[in-house]
Structure formats: structure tokens, C-alpha cells
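Student: I have a structure to look at and some terms to sort out. Can we go through the reasoning behind each label?

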Amino acid sequence: MKIAVIGGGPAGLMAAEAAIAMGARVDLYDAMASVGRKFLLAGKGGLNLTHSEPLGNFILRYGPRQEQIRSLLAGFGPDALREWARELGVETFIGTSGRVFPTDLKSAPLLRSWLRRLRQHGMTIHVRHRWCGWAGSETLRFSTPQGDRLVSPDAVVLALGGGSWPRFGSDGAWVPLLAGRGVLIEPLKPTNCGFDVEWSPHLRGRYAGHPVKPVVVAGTTQEGVEFRHQGEFVLTETGIEGGVIYAISAWLRDEIVKRGTVLLRLDLAPDRDVSRLISDLSRPRGSRSMASHLQRRVGISGVKAGLLREYVSKKDFADPILLGTAIKSLPLRLVAPRPMEEAISTAGGVAFEALDGRLMIRTLPGVFCSGEMLDWEAPTGGYLLTACFASGHAAGVGAVRWFQSTRRST
């Protein structure tokens, strides 16, 4: 039984491992010069493998696709992922935010141990093999430095990523290949991304790169539901990006598509209520400057003060009531998401409606899909990687079981 896995990220490697565990011989193909490049990048800031929150809450992070992801996590969920890492010699810990990390926070040791085990179990890796579709109905065609190569496996697992970070191999080049075979694909779009804001040259020049923390971002959904998220973001030359923005990026993106822009409200002093702010700002400032008064009385300085100056008029700045109100609810209009190639991940991809319960494309028997190329999205926090691992596991198992079932029926 020969399984071809195309794509050497977490989903592809997990598909290979699951297939090998069921007795398959696996050849893994990747367009880049080495595998796991985006996985290694994810570890630069501390590899967030998964999250420790209860599974019921965990599932909610996948929005409209939570039922499909629920079935995948039943086969390989957060606890299984931690145990898998432990078997590779990598212990994990739960951070203060509930996120789960390797004890050394790094991805490279985990990847090295994983690849070593996969090779020991017979997996062969073929790098610089770019998948170019099919030659005929079932034969895979790859472009390599030595010319085209044709491969005819018993089943195929595609784990080609989304459309973000193309320099690491996730460039969405697979979309026309599958669309040309009639596969239903939802358009790729950025998620966990930054957004453009029309800053003044002064604010951009002085504060680009500065973190805004702590801060609460608030908004109102189309259904009139209010939400508030506390965290931090970074003011960039083009707008804003960072964890608290990534958490609501799907909503922000979709609102901009519907309305052209979206309005957020910033609470720059989440630890103080508005009445206390007004009281503190109303105290006499004597000979102190307004900037000094703002810092001394309410702890606002630097980039936060810059944001207030950007949106509050001089007249309102002198009014403690209006200034205190602005500190607690500063309007910030976002005009566009950043380009997809800058996003941490993408939404869209192969629709689950085009797949059966094993993640096999209904119209292409023996071809399975996994990872970020599927139509789902989730915020950062371990949810992305967990679903990639889970879908890879499901696709690898599904490919072997499909082959076994077809062999029994012949």
C-alpha cells in the first residue's frame, strides 16, 4: 500500500504518521528545499501547540465549521496532541493564558525528533517536488529540478496549506488544480491578520512599532451583540496587528466586506471606570503640561496619548468629561485587511461539502485533503495547529481505510 502525501507541514507529516501506523508505505513530497518551514517559523515566538480550555469552549473557536472540526478532534484532540509530543521526548506546560507550549518553547527539537521517527518507520521525503496536478486521471505530476516526475500511488493526501506566507510554501497554487477537476473551493481570504487604518503622518512616524497594552477592543455585531476583548496590539505603519486583533479578525474582515469599513472602540484604561477617570482628570494640574497631567493622573502616555491626540480635538482634550469618555471608548475605523500573504493563516479552501467523513474528495476517489487548505478558520492560541494535526491524522487514517475497503471489494 503506497500513500503519497503532498505537503510537509504539520498536517502532512501527521497524515504520514497516521498512515504509517496502519501499515502504509509513505512518500512525502514538498515544493520547498526542506519540510516544516512554517512550523519552524511558528516556534520563533514560542511554539503554541494547543490550548488547555475545556473541549466545549475549544470547539467554539472554529465558528461556522465547529461541527466538522469536532469530529476531527474526536480522533486526535488537544490531549492526544500533548501525549504525542511527550512520546517524542518533548514535555509541554500550560501558560498563564491557558495556552500549551513545549517546555523549551521551541519547534525545531520537536520537528527533528518527529522527522527522525518518521524516517525510521520508512517514510521517504522528496523535496523540491512541486505538485502540478495530474497526468491522466490518477497519475500525479511533479515539477523537480531534474524535470517532470510522474507518480502513481494507491491514495493521495493533500496538505498544501492556505495562501499565506508563500515564501514558506503556502501559496495557494493548488486552487486552480482542484477547481479544474470540479472541486468546490471557497475563495481564500486572510485571517489572523492586521488591518489598515488611515493614520496621520505624525502618528505613523512617531509610534509605528509601539505596542498598545493593556487595551480592550469593543464592537457591536450586526445582530446588536456587544463584545469586549482585552489584550494588546501593535500600531504599525499601515494600521494595527496583534493578538487581540487576530482574535476578532474574521468578524472585522467580514464587516469590511459588507460595509466598506468597520468601527472598533478602544478602552485605553481597562482597569479604571469612566467616573474615576473623569474625577482624576478634573484635579487641578497647576503648571504641569497636559501630557504630564494625563500620565500622572491616569497613567496614559506614549502611544496611548498619541492615539488620543489623533482622534480627540484640542477643545475636547481640555474637558475632563469628554477626555475621560474618549479614553474609555476611542473610535477607531479600520478600512481594509492586510494582504493575504502577510496573514498568519487563511480562511476558505476546499469546502467540507465536497468531502466525505474521511476527508476524501467525493468526486476524486482516493484523494484526501487536510490542514489549512480546508475551509475553516480559528484564532491564534493553539487552535490552528491543533486542527491541522487533527485533520492530517483523519486524512491519513482515511486514506488507508479507503484503500483497504476498495481492495476487499475487488
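Student: Why is Glu 255 called buried?

Tutor: This is a predicted model, and the value is computed from it. Glu 255 has a relative accessible area of 4%. Buried means under 20%, so Glu 255 is buried.

Student: What makes Glu 255 and Arg 259 a salt bridge?

Tutor: Their side chains meet at 2.8 Å, N to O. The cut-off is within 4 Å, so the pair counts. Both residues lie in helix α10 (residues 249-259). They are four residues apart, about one turn of the helix.

Student: Is Arg 259 buried or exposed?

Tutor: Arg 259 is exposed. Its relative accessible area is 52%, and exposed means over 50%.

Student: Which residues are joined into one network by salt bridges that share partners?

Tutor: Arg 272, Arg 276, Asp 280 and Arg 283.

Student: How do you know that Arg 265 forms a salt bridge with Glu 226?

Tutor: The closest N and O atoms are 2.7 Å apart. The limit is 4 Å, so this is a salt bridge. The pair links distant parts of the chain. Arg 265 is in strand β16 (residues 262-267), Glu 226 in strand β14 (residues 226-235). They are 39 residues apart.

Student: What makes Arg 265 partly exposed?

Tutor: Its relative accessibility is 23%. Partly exposed lies between the 20% and 50% cut-offs, so Arg 265 fits. Glu 226, at 53%, is exposed.

Student: Why do Glu 353 and Arg 65 count as a salt bridge?

Tutor: The N to O distance is 3.0 Å. That meets the rule of within 4 Å, so they count. This pair links distant parts of the chain, 288 residues apart. Glu 353 is in the loop between β19 (345-350) and β20 (367-369). Arg 65 is in the loop between α3 (55-60) and α4 (66-75).

Student: How many salt bridges does the count give?

Tutor: By this rule, 23 salt bridges.

Student: How many disulfides does a search of the whole structure find?

Tutor: Zero.

Student: Why is Cys 132 not bonded to Cys 369?

Tutor: The sulfur of Cys 132 is 17 Å from the closest cysteine sulfur, in Cys 369. A disulfide needs sulfur atoms within 2.5 Å, so this pair is too far for a bond. Cys 369 is in no disulfide either. Its nearest cysteine sulfur, that of Cys 388, is 13 Å away.

Student: Why is Cys 369 called buried?

Tutor: Its relative accessibility is 0%. The cut-off is under 20%, so Cys 369 counts as buried. Cys 132, at 22%, counts as partly exposed.

Conventions. Residues are numbered from 1 along each chain as its sequence is written. This is a predicted model: local features need pLDDT of at least 70, side-chain atom pairs count only at pLDDT 80 or more; totals for chains, interfaces and linings use all residues. Side-chain values use heavy atoms; hydrogens and water are left out. Helices (H or I, at least four residues) and strands (E, at least two) are DSSP runs, numbered from the N terminus. Buried means under 20% relative accessible area, exposed over 50%, partly exposed in between (1.4 Å probe, protein chains only).
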